[in-house]
Amino acid sequence: MSAPFVYDEVDRDALDAVVIVPHFLGPAPEGGKGAERYVYLRSAVRPPVEMRDAARSAVPEPEIRALWEAPAGLVEPDEETPEGIVRCARRELAEEVGFDLPTGAFRLLGPSTFPCPGVIAERHHYFHVEVDPAQRGEPSLDGSPLEAAGIVVAVPLREALRACRDGDLADAKTELALRRLAEVLLG
């Protein structure tokens, strides 16, 4: 038992989240030969990142602070079961990217993680799902201003991983999900 101390902690009703990597095999970009694996990513404005005080940063802050992320979202109270988190992944994929797929299409992408356990007890549950780009509709969105301003792009997996290595894709949950997908696909 320690002496009492002050500690900053964040809590919220929806505590867990899903992270989904939708992917497909498509033609090699720029006239290349063969096929290449693509992933869908979303842009998102994240107020804490956007409002980050650049003067307090140990390294220079990028001028544009919007992030590219794998689709993700919070688990609702009626989804707080192992089956429910798959339903949550299905719902989030439709809301954020525009694919309406059966829950049986979703595959776990490794164990869950705690992305920032020193501040919040949020747990991320990772999934991947193979999609057909021709079946993509408009994202249904959830009414959030953060989703309304989002942009969806399909990029080659190797380019997304390069962006992680170069620091151009700075979202940790997305990098972990992409690396896990690469491991699954490479055997």
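User: Helices in this predicted model are DSSP runs of H or I with at least four residues, and strands are runs of E with at least two, both numbered from the N terminus. Where does E76 lie?

Analyst: At 35% relative accessibility, E76 counts as partly exposed, because this value falls between the 20% limit for buried and the 50% limit for exposed. As for its place in the chain, E76 lies in the loop between β4 (72–74) and α2 (82–96).

User: Which residues gather with E76 in a patch of negative charge on the surface?

Analyst: A residue joins such a patch only if its relative accessible area is over 30% and it has no salt bridge, and E76, with 35%, is above that area limit. The patch of negative charge on the surface unites E76 with D78, E80 and D142.

User: What phi does L141 have, although it is not a glycine?

Analyst: L141 is placed in the loop between β6 (124–130) and α3 (145–148), and with a relative accessibility of 33% it counts as partly exposed. Although L141 is not a glycine, its phi is positive, at about 60°.

User: How many residues apart are D100 and R90, a pair that links distant parts of the chain?

Analyst: The side chains of D100 and R90 meet in a salt bridge, with an N to O distance of 2.8 Å. This pair links distant parts of the chain, since D100 is in the loop between α2 and β5 (107–108) whereas R90 is in helix α2, and their separation is 10 residues.

User: Is E92 buried or exposed?

Analyst: The side chain of E92 meets that of R91 in a salt bridge of 2.9 Å, N to O, and R91 is partly exposed, with a relative accessible area of 23%. For E92 the relative accessibility is 4%, and because buried means under 20%, E92 counts as buried.

User: Which residues, E159 and R162 among them, are joined into one network by salt bridges that share partners?

Analyst: R162 forms a salt bridge with E159, in which the closest N and O atoms are 3.1 Å apart. Both residues lie in helix α4 (residues 157–166), three residues apart, about one turn of the helix. R162 is partly exposed, with a relative accessible area of 32%, and E159 likewise counts as partly exposed, at 29%. Salt bridges that share partners make one network of E36, R158, E159, R162, D166 and D168.

Note on methods
Residues are numbered from 1 along each chain as its sequence is written. This is a predicted model: local features need pLDDT of at least 70, side-chain atom pairs count only at pLDDT 80 or more; totals for chains, interfaces and linings use all residues. Side-chain values use heavy atoms; hydrogens and water are left out. Patches are made of residues with over 30% relative accessible area and no salt bridge: like charges are joined within 9 Å, nonpolar side chains (Val, Leu, Ile, Met, Phe, Trp, Tyr) within 5 Å. Accessible areas come from the Shrake-Rupley method with a 1.4 Å probe; for residues, only the protein chains shown count as cover. A salt bridge is a side-chain nitrogen of Lys or Arg within 4 Å of a carboxyl oxygen of Asp or Glu. Lys and Arg count as positive and Asp and Glu as negative; His and the chain ends are not counted. The place of a charge is taken as NZ of Lys, CZ of Arg, CG of Asp or CD of Glu. Buried means under 20% relative accessible area, exposed over 50%, partly exposed in between (1.4 Å probe, protein chains only).
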